[in-house]
Amino acid sequence: MDFSSKLLENAVNEVSRLPGIGKRTALRLVLHLLKQPSEHTQYLSQALLHLRNDVKTCEKCHNISDTVLCDICKNPKRKLEVVCVVEDIRDVMAIESTSQFNGLYHVLGGKISPIEGIGPQDLKIESLIQKVKSGEIKELIFALSSTMEGDTTNFYIYKQIEKFGIMTSTIARGISVGDELEYADEVTLGRSIVNRIPFEQSIRG
């Protein structure tokens with residue numbers, strides 16, 4: 001791709017670093033920005049800078065937040081003793097959109113994947129185990145994607161907390177095997193949360 005401007009080329013190269021954005025799409029986006037009033041670009045750049053510099057991670061559930069504790073963890077109407085284990089913030093948003101869950105979350109920040117070099121120590125698993133040890137959790141809901149990595153992560157956590165005797169469940173398999181949670185429609189995901197099954201039953205099946 002030949003560029004008439006080095007500035008244009010640099011901008012396209014940076015935008016194309018984003019996941020799912022190729023050079024042609026990046027060029028289209030950059031050209032769109034050039035056609036907009038300059039303040040629009042300034043608003044975008046300021047929003048991104050504020051996000052990068054000021055965003056925090058909730059110290060309790062590891063969700064992305066503007067404050068030390070996220071709004072979900074601060075909400076007195078949530079069930080503190082029921083915790084839903086998810087991979088990342090996109091899964092929190094997906095489940096929240098169903099309006100079928102009123103407990104708390106624990107964001108792992110990924111899934112165990114030996115192929116990608118991601119082990120238990122690279123995820124927020126230890127802090128979850130500490131929560132279980134403290135006795136503040138009565139039920140743990142596994143809501144990772146129905147993939148080999150998701151199932152491996154579920155099983156690893158289950159074995160770590162099995163001796164503490166808390167209730168463990170997993171979302172019902174209305175979510176197809178191999179599907180990513182964030183792409184599930186709200187009705188299917190909501191039913192999966194409501195109709196969750198004991199985790200032991202899922203690993204026997």
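How many helices and strands does the chain have? The chain has nine helices and seven strands.

**View 1. Overview of the predicted model.** The structure shown is a predicted model. The chain is made up of 205 residues, and 36% of these count as buried. Its exposed surface comes to about 12,600 Å², with carbon and sulfur atoms supplying 53% of that area. Among contacts between residues at least 6 apart in sequence, 56% join residues at least 24 apart.

**View 2. The largest pocket, lined in part by α1, α2 and α3.** This pocket holds about 450 Å³ of space. Its lining consists of 17 residues. Nearest the centre of the pocket lie Val15, Leu29, Val30, Leu33 and Leu44. At least two lining residues come from each of α1 (6–15), α2 (23–35) and α3 (38–54). By class, eleven of the lining residues are nonpolar, five are polar and one is charged.

**View 3. The second largest pocket, with Thr57, His62, Asn63, Ile64 and Ile89 nearest its centre.** The volume of the second largest pocket is about 280 Å³. A total of 14 residues line the pocket, including the five named in the title. The lining divides into seven nonpolar, four polar and three charged residues.

**View 4. The one cavity of 30 Å³ or more.** A search of the whole structure finds one cavity at or above this cut-off. About 40 Å³ of space lies in this largest cavity. The elements giving two or more residues to its lining are β3 (79–86) and β4 (103–107).

**View 5. Residues around the largest cavity.** Which residues line the largest cavity? The lining is formed by Lys60, Leu80, Val83, Leu104, Tyr105, Lys131, Glu136 and Ile137. Five of the lining residues are nonpolar, three are charged, and none is polar. The charged members are Lys60, Lys131 and Glu136. Leu80, Val83, Leu104, Tyr105 and Ile137 are the nonpolar members.

How values were computed: Residues are numbered from 1 along each chain as its sequence is written. This is a predicted model: local features need pLDDT of at least 70, side-chain atom pairs count only at pLDDT 80 or more; totals for chains, interfaces and linings use all residues. Side-chain values use heavy atoms; hydrogens and water are left out. On a 1 Å grid over the protein atoms alone, a cavity is a set of points where a 1.4 Å probe fits but cannot get out, and a pocket is an open set with protein on both sides within 12 Å along at least five of seven lines; lining residues have an atom within 4 Å of a point. Grid points are joined across faces, edges and corners, and a volume is the space filled by probe spheres set on the points. Helices (H or I, at least four residues) and strands (E, at least two) are DSSP runs, numbered from the N terminus. Buried means under 20% relative accessible area, exposed over 50%, partly exposed in between (1.4 Å probe, protein chains only). Contact means heavy atoms within 4.5 Å. Accessible areas come from the Shrake-Rupley method with a 1.4 Å probe; for residues, only the protein chains shown count as cover.
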